[in-house]
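User: Please take a close look at a single part of this model, strand by strand where that applies, and then set that part in the context of the whole. I would like one connected account rather than a list.

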Amino acid sequence: MAAALSVTDLHVTFKTLLGRVQAVRGVSFDVEPGEVLGVVGESGSGKSVSFLGVMGLLGRSAIVEGSALVGDTELIHSSPKTLRRVRGAEMAMIFQDPLSALNPVQRVGHQVAEMILSHQQVSKSAANQRAVELLDIVGIPQPEQRAKQYAHEFSGGMRQRVMIAMAIANDPKVLIADEPTTALDVTVQAQILEVIDRIRKEMGTAVVLITHDLGVVARMADRVQVMYAGRVVERSDVSSIFHSSDHPYTRGLLMSQPGLGRERLTPIPGAPPNMLQPPSGCAFRARCPHAQPVCAGEIPELVKVRLTETACVRAVELEEVAV
Amino acid sequence: MHLHEELVDSVSLPPEDESIGVLKESISPKRMALKRYLNHHAAVASAIGLIIIILFVVLAPITARYGVNESIFKAEAGLRNQNLPPRAAAWFGTDSNGRDLYSRIIYGAQVSLLIGLFTAVASVAIGSLVGAIAGYKGGWLDDVLMRVTDVYLALPLLVILVVVRGMLKNVDWVTAIMGPSTSVRFLVILLTLVGWMGVARLVRGQVKQLKEREFVEAAKALGASTPRIMFRHLLPNSIGQIMVALTFAVVGAITAEATLSFFGFGPDAGSGMTSLGLLIRDSKRAVPPGYWWLVVYPGVFFIILSICINFIGDGLRDAVDPKMQQEVK
Amino acid sequence: MLRFILRRLLWAIPTLFLVTFVVYCALRLATNPLASYARTNPNIARNPKKMEAYINDNGLWSGFGGYIRGYFNWLGGFLTGNWQRSIKGSRPVWPNLKNALVNSMRLGLIASVFGITIGLSLGIFAALRPGRLRDTAVNTGALIGFSVQPFISAVLLQLFFAVQWAKWFGQPLFPTSGMYPPGHEGFDLLLMLKYMVLPIIVVSIQTIAAYSRYMRASLLDVLNSDYLRTARAKGISERRVLVKHALRNAMVPIVTLAALDVGAIVGGLIITENIFEYPGMGKYFLTAEANGDFPELMPWMVIITTSVILFNLLADLAYAWLDPRIRLD
């Protein structure tokens, strides 16, 4: 089956006062229709930036290179018109903080209807009608009345449902959820994830779930890719990541997360590297317990080691350590 | 954009060891601020401009070619010295008394800058103290401060200055302290009485924000006294904002002096002194006969001086408050 | 909403009483009406009986109790339409005041619309390309504009467009004083506008500078917001993103500021009106102040404080109307 979203060798660089920040440095991946791809990493690892870059939402200080295909439409360096046609229609996005992501002075129904009107040839009243239906689909009670309210009148979970309603209004091929539950209460988180999962099942949408919460990934994702310092360091199906990860960073990440049957949490020492001058070779080596001089050489590529694809030159040696 | 800020934050520290890329040492906030200031080209140029102006003013005995009340030469029959256009003997021409305008601008700037500096320092000292107490303590003091300054901000500045001036000059014990209403001392006190309010509001806002921060909470939890918290934590951490306020207070005071002098509420020229305001006031009379130099030179000099101080303030604001610098170049 | 308005209006009444009492005391002190009266009418001043009668008629008693009694005396007269006659010329005050008010509002509204429109456009123009040449140009221009004080630009413009222009081309391009030529009767829009050109330019320099900065800051804030990213992610046209989302939100604080500024128009453009001899509220104020004319000044102050309070309320209402997050209660 053709991939819903296919990204090849994506680079994102920011021009800043102090120089060029290489936020994403050569990332490639596919997302298949109907699957959930979990994207995991610390803040600053480039996980959100990759997708904002693909969508052309980064502003003028960002330089995006590489290729990103949605269906057969190339997004990188494409015309504003093409981008506009894809955004919201083929590829939609949900953001972390639904309160700041919703326009505070527009009624939510109007914001959902605007999404429909900008991509479909329908009348205003039909769009409004459809907006109410969408609010109903994402589980907002009394959608008629709620459509006439403003974002600040909604609870956090309900706001995120509005965002989802807006995102699925045009039945997109790809839904990118950027930390959709981070700003929400734990109980509400589960409900939102449920809504996303239901939509994926019913509409066959490919979902990209960007998060730093491995629990969310374990629950939702089919496949996982782990990002560090602007590169993918490991990728596999979800169970392999948790049970037979080969990359020291992924293991460190697993060890530092609570609630996965671990009694002691072990944080990863140090801090992520400075992306103004990314280190040579493996970016993780300064914090890696297994670093050797060999790690300073080439930037490691993703290679299938056991069950996962791992970007670590010592992965095969380390296999023994893991077992 | 949040994301962007996060990125810029994470890169504001250069690596100690480039090949490893782990951060060991950071640039101090002061050096970052200096870097940002130096990046504001207009602010740097203005600082240089202001230094040159101050040098001219401080070195008035050398830079001024004539005394403040000295005519460029003695008028004789058939050889008048009044209202002469610019020439070698008087670069900016002469005024209606035959005095050298170039020298008088230097003397005038001296008086104006002194008024500006004294007023600004006094206003900022009082304003910071009142603002810090009001912001930290809150309660009725805060309410009173806000209501009083509300009125002050709502009414035209000149109206307040004129009315307050009228009140003060009619009360004997006030003039005993402040001097006669035509003295420079009176003017400085008058401008301070009005000028501290803007600073107080600014510092109040700053302190109200800082008060919620962890280090103040921590100091409080450790039992630090209120004065200690204010002088050790709140005011030092607002120093950047206070510096900005000081800069704008200087230009505000100079402008207020000029406005008052322009309408005849300023210091008295009879005492053998002049100020930029008085020079600009004289320029009004030079318009109908078309003595352009008397209009253009003092006016343009005043504009340049204000521009310099305004840009320095703008640069300082960018330097101490990077949020204002929305997009990095 | 209605309850809010009623409550605010009810609150305005005690506020007004308090403010007018403070203003009454301040003006009595500042203008010293008795001395002004004696100065204008030396013959009456020599007659203690007539002076006594004047004091009692106008409530000009001295001492703290005298001020309080005097205030209520004035208030009674003011509210019943029994206004005190002016000291200079012993004329009724209202006709002059009304003319001044109308004239100031004419000039102020035209100048505000002109200045605010240009300022906002420049602010938008700058914010759309932050950090680029046009942004720097608008920002720099605004700071320079702030430094060009009205009393300087006015005199420079008069020199250039009237005096020098007449020297070069035979007649001045624009008139420099008044609202109509001397002796003109009736209303003539074109003639009036011609007289307004220079005052409008002088006022607009400051207005444009202020509003271009407000708008730039406000729009940049919105452009960097998350909901604008959401709007872009919707795939709607950039034009729609800017107009329906960015500008609509950026205008919220601007409208509030503009409401406050329009409220201040009633107070007149003191500096500009006086330099151009424009018969508005500002000219009225300084003339009355020079004469120490308490009966003329007091209603003037009442009008501007009322206007400030009213437009403050209006600004709050506008804010609530534009931003559904604001709840008035």
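Analyst: Two strands are taken to pair if DSSP finds at least two bridges between them. With that criterion, the part examined here is the hairpin of chain A in this predicted model, in which β1(A) is joined to β2(A) through two residues. Strand β1(A) covers residues 5-16, and β2(A) covers residues 19-31. The two run antiparallel and are linked by 10 bridges. Two of the facing pairs can be named: Thr16(A) has Gly19(A) of β2(A) as its bridge partner, while Leu5(A) stands opposite Val31(A) in β2(A).

The hairpin belongs to an open sheet of four strands, ordered β2-β1-β4-β5 in chain A, with antiparallel pairing. In general, the strands of a sheet pair through backbone hydrogen bonds, and this may occur in a parallel or an antiparallel manner. The edges are formed by β2(A) and by β5(A), residues 73-74, each of which pairs on one side only. In the strand order, β1(A) lies between β2(A) and β4(A).

A helix also packs on this sheet: α1(A), residues 47-55, touches β1(A), β2(A) and β4(A), the last of these being residues 62-70. The direction of α1(A) makes about 100° with that of β1(A).

The sheet sits in a chain with 12 helices and 12 strands. Chain A has a radius of gyration of 20 Å, which agrees with the value near 20 Å for a compact globule of 323 residues. The C-alpha trace of chain A spans about 65 × 45 × 40 Å along its principal axes. Of the residues in chain A, 53% count as buried. Among the contacts in chain A that join residues at least 6 apart in sequence, 63% are between residues at least 24 apart.

The other chains supply further context. Between chains C and B, 37 residues of chain C are in contact with 39 residues of chain B. On the side of chain C that touches chain B, the elements giving two or more residues include α1(C), α7(C) and α14(C). The largest share of that side, nine residues, comes from α8(C). By class, the same side of chain C has 24 nonpolar, 11 polar and two charged residues.

Helix α8 of chain C also appears in the surroundings of α13(B), residues 276-286, a mostly covered helix with nine of its 11 residues buried. Among the buried residues are Leu276(B), Ile280(B), Arg281(B) and Asp282(B). The buried residues of α13(B) pack against α5, α12 and α14 of chain B together with α8 of chain C.

Within chain C, Leu257(C) is found in helix α11(C), residues 238-265. Because 16 other C-beta atoms lie within 10 Å, Leu257(C) is partly exposed. Leu257(C) and Tyr211(C) are 46 residues apart in sequence, and their C-alpha atoms are 9.2 Å apart in space.

As to confidence, the model scores ipTM 0.88 and pTM 0.85. Chain C has a mean pLDDT of 89, with 99% of its residues reaching 70 or more. In chain C, confidence is highest in helix α6(C), residues 94-127, at a mean of 94, and lowest in helix α3(C), residues 42-45, at 84.

Conventions
Residues numbered from 1 in each chain as written. Chains lettered and ligands numbered in written order. Predicted model: local features only at pLDDT ≥ 70, side-chain atom pairs only at ≥ 80, totals over all residues. Contact = placed C-beta atoms within 7 Å. Nonpolar A, V, L, I, M, F, W, Y, C, P; charged D, E, K, R; others polar. Axes fitted to C-alpha atoms, helices over the stretch in contact; angles between N-to-C directions. Rg over C-alpha atoms; globule rule 2.2 N^0.38 Å. Buried ≥ 20, exposed ≤ 12 C-beta atoms within 10 Å, placed from the backbone. pLDDT = per-residue confidence, 0-100.
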